[in-house]
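Here are a few short exercises to help you find your way around a new structure. Have a go at each one before you read its solution.

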Amino acid sequence: MRKVLFAAMLFLGVQTANAQEEGNGQNVIKVNPLGLIFGSANVGFERAINEKSSFVIAPQFGGFKLGGMKYSSFGAGAQYRMYFSKTKTAPEGFYGAPGLSFVSGKVKYDDGMNEKEEIKFSSFGGGVMVGHQWIYNSGFVLDLGAGVNYQKFNYKDNEDNSFALKASGMLPALSFSIGYNF
């Protein structure tokens with residue numbers, strides 16, 4: 001999956017390399033490189049709506065193996081960004097962004113008695129972030145942000161009975177992305 005996402009990013013970068021000679025384009029495609037290290041691929045697409053706002057959609061795929069446990073997930077997030085810079089236009093500068101997210105996945109593990117168990121989960125959340133996005137003359141984009149997010153988690157085992165492991169609450173939200181503006 002990572003190779004496919006990387007190839008798509010490279011293809012889009014090559015196709016749009018000469019699309020904008022001066023100023024910033026209205027679109028940004030970006031990836032979280034730290035997420036790839038920890039088994040999560042998050043690709044975002046941002047489109048400026050007007051001079052001071054944009055909309056971001058970000059599908060997410062995750063997965064890793066650790067001992068006898070295998071984790072996999074998929075989801076998506078969306079943000080409406082409001083840019084506050086007086087000298088720059090969206091999608092560049094200081095921003096505030098309310099957003100929503102959804103993740104669904106499963107954890108498979110060996111219960112210690114050579115029986116495989118599977119727990120499915122889902123999470124729905126909403127939050128707010130503040131950050132800054134820099135767009136360089138080359139088209140390179142750096143996006144840094146922080147905020148808070150309320151997440152509601154639900155877990156279900158493979159026997160169709162919900163069990164007691166349920167959680168929800170406030171979590172920190174951090175953003176670090178690199179990408180390309182076109």
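**Exercise 1.** Does Ile57 count as buried, partly exposed or exposed, and why?

*Solution.* Keep in mind that this is a predicted model. Start by finding the residue: Ile57 sits in strand β3. Next, take its relative accessibility, which is 42%. Buried would need a value under 20%, and exposed a value over 50%. Ile57 therefore counts as partly exposed, because its relative accessibility is 42%.

**Exercise 2.** Work out which residues make the nonpolar surface patch, and which strands supply at least two of them each.

*Solution.* First list the members: Ile49, Phe55, Ile57, Tyr80, Met82, Phe84, Phe94 and Val130 make a patch of about 740 Å². Then turn to the strands: β3 (53-66) and β4 (69-83) each supply at least two residues of this patch.

**Exercise 3.** Place Ser101 and describe its surroundings.

*Solution.* Begin with the strand: Ser101 belongs to β5, which covers residues 93-110. Now set aside neighbours within four places in sequence; Ser101 then touches Ala76, Gly77, Ser123, Phe124, Gly125, Asn149 and Gln151. Finally, look at the side chains: those of Ser101 and Gln151 are joined by a polar contact of 3.2 Å.

**Exercise 4.** Sketch the chain as a whole.

*Solution.* Count the elements: there are two helices and eight strands. Put them in order from the N terminus, and you get α-β-α-β-β-β-β-β-β-β. Then check burial: 36% of the 182 residues are buried. To finish, turn to the surface: the chain exposes about 11200 Å², with 63% of that supplied by carbon and sulfur atoms.

Definitions and conventions: Residues numbered from 1 in each chain as written. Predicted model: local features only at pLDDT ≥ 70, side-chain atom pairs only at ≥ 80, totals over all residues. Heavy atoms only, no water. Helix = DSSP H or I, 4+ residues; strand = E, 2+ residues; numbered from the N terminus. Buried < 20%, exposed > 50% of the residue type's maximum accessible area, 1.4 Å probe, protein only. Areas by Shrake-Rupley, 256 points an atom, 1.4 Å probe, with all protein chains shown as cover. Polar contact = N/O pair within 3.5 Å; in protein donor to acceptor, adjacent residues only side chain to side chain. Contact = heavy atoms within 4.5 Å. Patch = residues over 30% accessible without salt bridge, like charges linked within 9 Å, V, L, I, M, F, W, Y side chains within 5 Å. Salt bridge = Lys/Arg side-chain N within 4 Å of Asp/Glu carboxyl O.
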